[in-house]
Amino acid sequence: RSHALSTVDGYSGYGAEQGEKCVHDQHVPERERRGVRWGGGVGGGQVSVLHRWFLFPFSSVKIDIFDGESKMLICQTLRATIASTFYGDLGIEEDDIFVSDGAKSDISRLQVLFGSGVSMAVQDPSYPVVVQFEMSSIKGKVDLAYVDSSVIMGQTALYQKDVGYGNIEYMKCTPENGFFPDLSTVYRTDVIFFCSPNNPTGSAATRDQLTRLVQFAKDNGSIIVYDSAYAMYMSDNNPRSIFEIPGAKEVAIETSSFSKYAGFTGVRLGWTVIPKELLFSDGFPVAKDFNRIVCTCFNGASNIAQAGGLACLSPEGLEAMQEVIGFYKENTNIIVETFNSLGFNVYGGTNAPYVWVHFPGQSSWDVFGEILEKTHVVTTPGSGFGPGGEGFIRVSAFGHRANVLEACRRFKELYK
């Protein structure tokens, strides 16, 4: 339970400017009104002209798009299916799940929930940083999720080269500590962003490590935002969900996505889990505040995307997703074997579609530039993922097999 995220005074701005409370709310306690899940269909409860049966890629999926004044059945069905598929024996229920247009969008909405007055911690390296860069042939930036949204929310101080943003606790994750931070050296923060399997290092936290992280959050009154976007790539017997850890429901939020499992990067579909046990320091449920944020800022994932998600979670869909993941893991093995054969220290690749290659003593941007200019292959410089990524590059396994094989041939020509 977070010491710093109390909402005793309610929302600033929730009051007279929104008019008197509805008649049916008059006998409902204030905190319950704040957490109302807004019902109704299109046009204030009218049945949509789109009311019909939709058939999607797998014949076992048949969804009634709207149910008049009740919640959309498709969303209810998807939430229930996510709960049973990914959290079946973990005590996560349908109404703990918020369906969304992707994990990245939900991370930004969570930042709106947390507000500007919080402190945060991120793995270093991880998926967090905005880095401006300019080279002879390229100009642009790496624009990513955790830290960038914190900057936009006003949570951070100024950026310093090779240090990062002020007011952010960078938790060093290196080969020397097994890519898991030494929590005894980490300062307390209100929020801890943690991704496992990790992007970019490809590492996955063990059960013992996550148990220590959960206890650390309990001891410090912090909320963990656990990004499990790559959980289905897990090969080791490591937790796929933070909620496999006893006590995690009291301190953690989990966000995930169909992007890396089913190629939904453009379709946009994901979910966030906020257990009922997760409370602010005044005892108010975090989920009710997040529900208000979602209802205010978001109109919901498209019905087509949600129906596609249900197709993915059918028996045929799960089998197809495993085939896709298996294909990318084969790509990963090809990349790992290539760099190992060239004498590099290589990390990741077992539990994630990313390979983390060490170039000691070299600037990651220089390595990136050399590879690009001499092989015409795009990698990602490690320092774009935080100060701890300096000296590394990330190589992605997402791609056609022929392209991966050709890229590896070029790597061998460059570093032979």
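Here are some questions and answers about how the terms used for this predicted model follow from its values.

Q: What makes up the protein chain in terms of helices and strands, and how much of it is buried?
A: The chain holds 12 helices and 17 strands. Of its 416 residues, 52% count as buried. The accessible surface comes to about 18,500 Å², and 52% of that belongs to carbon and sulfur atoms.

Q: What share of the contacts joins residues at least 24 apart?
A: Among contacts between residues at least 6 apart in sequence, the share is 70%.

Q: Why is the pair Arg-79 and Glu-94 called a salt bridge?
A: The closest N and O atoms of Arg-79 and Glu-94 are 3.9 Å apart. The cut-off is 4 Å between a side-chain nitrogen of Lys or Arg and a carboxyl oxygen of Asp or Glu, so a pair within that distance qualifies. A search of the whole structure finds 16 salt bridges.

Q: What does the pair Arg-79 and Glu-94 tie together?
A: Arg-79 lies in helix α3 (residues 73–86) and Glu-94 in the loop between α3 and β3 (97–100), so the salt bridge ties together parts 15 residues apart in sequence.

Q: Is Arg-79 buried or exposed, and how do you know?
A: Arg-79 has a relative accessibility of 7%. Buried means under 20%, so the term fits this value. Its partner Glu-94 has 31%, and a value between 20% and 50% is called partly exposed.

Q: How do you know that Arg-188 and Asp-190 form a salt bridge, and which terms describe their accessibility?
A: Their closest N and O atoms are 3.1 Å apart, and the cut-off is 4 Å. Arg-188, at 32% relative accessibility, counts as partly exposed. Asp-190, with a relative accessible area of 4%, is buried.

Q: What makes Glu-250 and Lys-218 a salt bridge, and where do the two residues sit?
A: Their side chains meet at 3.6 Å, N to O, and the limit is 4 Å. Glu-250 is in the loop between β11 (223–227) and β12 (252–257), while Lys-218 is in helix α6 (residues 207–220); the pair links distant parts of the chain, 32 residues apart. Both residues fall between the limits of 20% and 50%: Glu-250 is partly exposed at 39%, and Lys-218 is partly exposed at 33%.

Q: Which residues are joined into one network, and what joins them?
A: Glu-93, Asp-95, Asp-96 and Lys-276 are joined by salt bridges that share partners.

Q: Which residues touch the most other members of the largest nonpolar core?
A: The core has 80 residues, and Phe-114, Phe-194, Ile-224, Ile-242, Phe-243 and Ile-274 touch the most other members. Leaving aside neighbours within four places in sequence, Ile-224 is in contact with residues including Ile-192, Phe-194, Leu-213 and Val-214. Apart from this core lies another, of 19 residues, among them Val-355, Val-377, Val-395 and Phe-411.

Q: Why is α11 called roughly perpendicular to α12?
A: Helix α11 (residues 364–375) and helix α12 (residues 401–415) pack at an angle of about 110°, with their axes 10 Å apart. Angles of 65 to 115 degrees count as roughly perpendicular, so the label applies. In α11, Val-367, Glu-370, Ile-371, Lys-374 and Thr-375 meet Arg-410, Phe-411, Leu-414 and Tyr-415 in α12.

Q: Why are α10 and α12 called roughly parallel?
A: Helix α10 (residues 315–341) packs with α12 at an angle of about 5°, and their axes are 10 Å apart. Angles under 35 degrees count as roughly parallel, so this pair gets that name. Residues making the contact include Phe-327, Ile-334 and Phe-339 of α10, and Val-404, Leu-405 and Phe-411 of α12.

Q: What makes Ile-293 count as buried, and which residues does it touch?
A: Ile-293, found in helix α8 (residues 286–297), has a relative accessibility of 11%, and the limit for buried is under 20%. Not counting residues up to four places away in sequence, Ile-293 touches Arg-109, Val-112 and Leu-113. The C-alpha atoms of Ile-293 and Leu-113 are separated by 6.7 Å, although the two residues are 180 apart along the chain.

Q: Is Asp-162 buried or exposed, and how do you know?
A: Asp-162 has 60% relative accessibility, and exposed means over 50%, so Asp-162 counts as exposed. Asp-162 is found in the loop between β7 (159–160) and β8 (164–165). Asp-162 and Pro-387 are 225 residues apart in sequence and 5.4 Å apart in space, C-alpha to C-alpha.

Key:
Residues are numbered from 1 along each chain as its sequence is written. Side-chain values use heavy atoms; hydrogens and water are left out. Helices (H or I, at least four residues) and strands (E, at least two) are DSSP runs, numbered from the N terminus. Buried means under 20% relative accessible area, exposed over 50%, partly exposed in between (1.4 Å probe, protein chains only). Contact means heavy atoms within 4.5 Å. Accessible areas come from the Shrake-Rupley method with a 1.4 Å probe; for residues, only the protein chains shown count as cover. A nonpolar core is a set of buried Ala, Val, Leu, Ile, Met, Phe, Trp, Tyr and Cys residues joined through side-chain atoms within 4.5 Å. Axes are lines fitted to C-alpha atoms, for helices over the stretch in contact, and angles run from 0 to 180 degrees between N-to-C directions.
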